[in-house]
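Reader: Could you walk me through this model, one feature at a time? I would like to learn how to read what I see.

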Amino acid sequence: MGNGSRTGLRLPIGLWGLTRAIMLLCVFKIVVIPGPDITFDVSNIYQGWYEVLRTGTYPLDDITWQYPPAAAFAILSPGLLPFLGYATAFFLLAFLCDALVFGLLLHTGRRAGRSSRGAWLWLAGVPLLGPTSYARYDVMVTAVAVAGLLAAGRSPRVLGALAGFGAVLKVWPVLLLAGTPKGRATFRSWSTAVGAAAAVLAFCVAWMPGALAFLGFQRDRGTEVESLGSMVFHVVRHLGWKGEAKMNYGSIEFLGPYVSTVSTAALVLTVAAFGWLLVWRIRAVHFGSSTVADAAFVAVLLFTTTSRVLSPQYMLWLVGLAAVCLAYRSSRMRKPAHLVLWATAVTQFEFPVWFSHVTRSDPLGVAVLFTRNGLLIAATVIACRILWRHTVTEPRLAEAGKIPAQATRPEREKALSGSR
């Protein structure tokens, strides 16, 4: 059986190695992807921040520094490999984080009640996004999030610690806690998360001045040209709207009449989305083996699709969480996970390949952007419906005796997950 198991791993590991070799060829510019230089942020912006951070202060005068203070750890991490240039070291560390996520998903897929589908989704999703996956520090954040979710069933405190640290690294990992089972598991994970986040934040504030400067820079951002709200301006731009798309706060944003209104509407939509998430948590009855992962996936989908900024690397968050969902046989998130995978594939054409078309709002740019965002909207709506039905509607109907067959579902999930 051991030989058969090792044989079964050869194909995914071999494909992972092949696709990642191509990714490295791209970031090292041996293979050139059309469009803007993907590696510019690492070689110029990240390295510039690195030099400032080494002097003992956060980049106080740089409005493009819009990240929580623990992001400094990621920016400084290439210093762990002083024998390599900054960009080379960064790409190598991103590669290792990718390998860590893949290894965790492969290992999890071999346990009772689990599936290798998650590893396959990650294997495909990272190269579908392209070299952007290795040219941003989001792969490091995603590795923290995936490790936390996979540990949730055995140790709520580990989930909490990693979610808390991740929140000070890039905010969104706090959403990993959205679906923790009510009671002791929630108390342990949430209290640990608060403690971990507070400890890391306190360390960063004491470590260097300017740890909280990012709050003002982030607040002043507008509507980025790839976001859901930007779709309005891509259309009205052809109807006489007197605005433009230009570099602002580190990304291409729309500037002009009514942009602030659309940005405000996006914030209102985000608040409404999280209001729905709160109602779901209050009304949820059944928390199965995959609920923590499923709810985290839904929460980050809501956060991403309603954001004023929808940078291409955000897709890596969704691919990682979708992969964790599919690692559980009990999860019903297969359809929205596959929609996210398709959206990720389209994203590489949206950026970098045809990004010039997107910024001009020409037919090709509008078509590729609307396709990507349409897939994300569909994935979000379907995932929300699945989560509600699986944890609220069906359990309540089962309790009322209207779906007797569903009453045994929790017992089957416990058996599949090996928790007995």
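Author: Let's begin with a pair of helices; keep in mind that this is a predicted model. Two packed helices are described by the angle between their axes and by the distance between those axes. Here, helix α11 (residues 259–283) and α16 pack at an angle of about 25°, and their axes are 10 Å apart. Angles under 35 degrees count as roughly parallel, and α11 and α16 are therefore roughly parallel to each other.

Reader: What is the handedness of the crossing between α11 and α16, and which residues make the contact?

Author: α11 passes α16 in a left-handed crossing. On the α11 side, the contact is made by Trp 276, Val 279, Trp 280 and Arg 283. On the α16 side, Cys 384, Leu 387, Trp 388, Thr 391, Val 392 and Arg 396 take part. Sorted by class, the residues of this contact of α11 with α16 are seven nonpolar, one polar and two charged.

Reader: Where can I look at a pair that is roughly antiparallel?

Author: Try α13 (residues 314–326) and α14 (residues 334–353), which pack at an angle of about 150° with their axes 9 Å apart. Angles over 145 degrees count as roughly antiparallel, and α13 and α14 are therefore roughly antiparallel to each other. Their crossing is left-handed. From α13, the contact uses Met 315, Leu 318, Val 319, Ala 322 and Leu 326. From α14 come Arg 334, Ala 337, His 338, Val 340, Ala 343, Thr 344 and Thr 347. The contact of α13 with α14 has eight nonpolar, three polar and one charged residues.

Reader: At what angle do α2 and α4 pack?

Author: The angle between α2 and α4 is about 100°, and their axes are 10 Å apart. The range from 65 to 115 degrees counts as roughly perpendicular, and α2 and α4 are therefore roughly perpendicular to each other. Val 42, Ser 43, Tyr 46, Gln 47 and Tyr 50 of α2 meet Tyr 86, Ala 87, Phe 90 and Phe 91 of α4. By class, this contact of α2 with α4 has seven nonpolar, two polar and no charged residues.

Reader: How many residues are in the largest nonpolar core?

Author: Start with the general idea: in soluble globular proteins, nonpolar side chains tend to be buried together. In this model, the largest nonpolar core has 123 residues, and Leu 105, Trp 122, Tyr 137 and Leu 176 touch the most other members. Helix α4 (residues 86–109) gives the largest share of this core, 13 residues.

Reader: Which residues is Trp 122 in contact with, leaving aside its neighbours within four places in sequence?

Author: With those neighbours left aside, the contacts of Trp 122 include Leu 105, Phe 102, Val 101, Arg 20 and Asp 98. Leu 316, Val 319, Gly 320 and Ala 323 are also among them.

Reader: Is Asp 98 buried or exposed?

Author: Asp 98 counts as buried, at 0% relative accessibility. Asp 98 is found in helix α4. Leaving aside its neighbours within four places in sequence, Asp 98 is in contact with Trp 16, Arg 20, Trp 122, Val 126, Tyr 134 and Val 139. You can also follow how the chain comes back: Asp 98 and Met 140 are 42 residues apart along the chain, and their C-alpha atoms are separated by 8.0 Å.

Reader: Which backbone details should I look for?

Author: Most residues other than glycine have a negative phi, and most peptide bonds are trans. Lys 29 has a positive phi of about 65° although it is not a glycine. Lys 29 is found in the loop between α1 (2–27) and α2 (40–53), and at 47% relative accessibility Lys 29 counts as partly exposed. Ser 361 also has a positive phi, near 55°. Ser 361 sits in the loop between α15 (355–360) and α16 (363–399), and is buried, with a relative accessible area of 1%.

Reader: Where is the cis peptide bond?

Author: The cis peptide bond joins Phe 351 and Pro 352, with omega about 15°. Pro 352 is found in helix α14.

Notes:
Residues numbered from 1 in each chain as written. Predicted model: local features only at pLDDT ≥ 70, side-chain atom pairs only at ≥ 80, totals over all residues. Heavy atoms only, no water. Axes fitted to C-alpha atoms, helices over the stretch in contact; angles between N-to-C directions. Helix = DSSP H or I, 4+ residues; strand = E, 2+ residues; numbered from the N terminus. Left-handed = near helix turned anticlockwise from the far one by under 90°. Contact = heavy atoms within 4.5 Å. Nonpolar A, V, L, I, M, F, W, Y, C, P; charged D, E, K, R; others polar. Buried < 20%, exposed > 50% of the residue type's maximum accessible area, 1.4 Å probe, protein only. Core = buried A, V, L, I, M, F, W, Y, C linked by side-chain atoms within 4.5 Å.
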